[in-house]
Amino acid sequence: MANDRRPDDMVRITTPELADAFIAEQIKLVKEQVGDKKVLLALSGGVDSSVVAALLIKAIGKQLVCVHVNHGLLRKGEPEQVIEVFRNQMDANLVYVDATDRFLDKLAGVTDPEKKRMIIGGEFIEVFAEEARKLEGVQFLAQGTIWPDILESEHGIKAHHNAGGLPEDMNFELVEPVKILFKDEVRIVGKQLGLPDGMVYRQPFPGPGLGVRCPGAITRDRLEAVRESDAILREEFAKNGLEGKVWQYFTVVPDFRSTGIKDGKRAFEWSVIIRAVNTTDAMTATVQDIPYELMCHLADRITHEVPGVNRVLYDYTPKPTGTIEFE
Ligand code: XMP
């Protein structure tokens, strides 16, 4: 099997057997490519990088060094899950970097959405490069590039979202074992590699993370309100059979306060906006119908359990005119 382009006649991986065959083939190819050298991987905990990590752990074990950069904008429980799955269960060589303060300090007072994205992306590369420099003898860089990334960059839709960005003196040879797969195939392969469903079937999550759900300048209190309300929303969607059925759902906490009453006292606090949408390609999206009782329960839980929040709103806007994210 060629490792560079998806052969036109390649059978779509839809079964565990086909996934196993793909895994065996890739293990062989990776071993041939890498030999006894070290491979570095930025492991975000997203589907693609997690599947690459699991595959490479199988192929080359401790020759793989995974670096998980926590930029402080991850969802509740995500860094812990990366450590649990990869370090504790798969015995991977995992470097965990808590860079929360670094990112939040750089982002303090920054309101422009594009500037926020640039800071998050730029700082990520810097932290990752610093960690890479601490390691000796790394010749390869693994990436979770998938086939649609290649097609989109070839058609000029987006710059290749993985490759590049690292300082020029770090010229690693790339290892991209899922490069010829479509997303649904990556998930099946991930499942066969023993990754938990919560990792393999998770909803899309933007690179700048919760940063784009904290519109305006990010503050620690609003960021915590986003993280906690998002965790409640995910818990309730799972309990009520909506997990896996709704394409993307999350909460947003804009930089806006309103008057309310808590414990008989005036409370001038944040509002949480819930967004839940369905789409096939993220170019357009429709709004999920949430049962009234569930909506009331969500409002009740969020206003009582999330500090600093006194209102919950639902966004009924399809795309267009709204985008899926707020920023
Ligand atoms: P929008 O907001 O443009 O989002 O309707 C469409 C899809 O893309 C995700 N998204 C991003 N993903 N970096 C990413 O990796 C980003 O900056 C970004 N912005 C939006 C969004 O979550 C949705 O699934």
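In which hand does helix 4 pass helix 5? The crossing is right-handed, meaning the near helix is turned clockwise from the far one by less than a right angle (anticlockwise would be left-handed). Keep in mind that this is a predicted model, where local features need pLDDT of at least 70, side-chain atom pairs count only at pLDDT 80 or more, and totals for chains, interfaces and linings use all residues. Residues are numbered from 1 along each chain as its sequence is written.

Back to that pair: the axes of helix 4 (residues 100–107) and helix 5 (residues 113–134) come within 10 Å and cross at roughly 145 degrees. Axes here are lines fitted to C-alpha atoms over the stretch in contact, with angles running from 0 to 180 degrees between N-to-C directions. Helices (H or I, at least four residues) and strands (E, at least two) are DSSP runs, numbered from the N terminus.

Now for some backbone oddities. Most residues other than glycine have a negative phi, and most peptide bonds are trans. Asp91, in the loop between helix 3 (78–89) and strand 3 (93–98), has a positive phi near 55 degrees. Ala282 also has a positive phi, about 70 degrees, and sits in the loop between strand 8 (265–278) and strand 9 (286–287). Further along, cis peptide bonds join Lys319 to Pro320, with omega about -15 degrees, and Pro320 to Thr321, with omega about 20 degrees. Pro320 lies in the segment after strand 10 (309–314), and Thr321 is found in the segment after strand 10 too.
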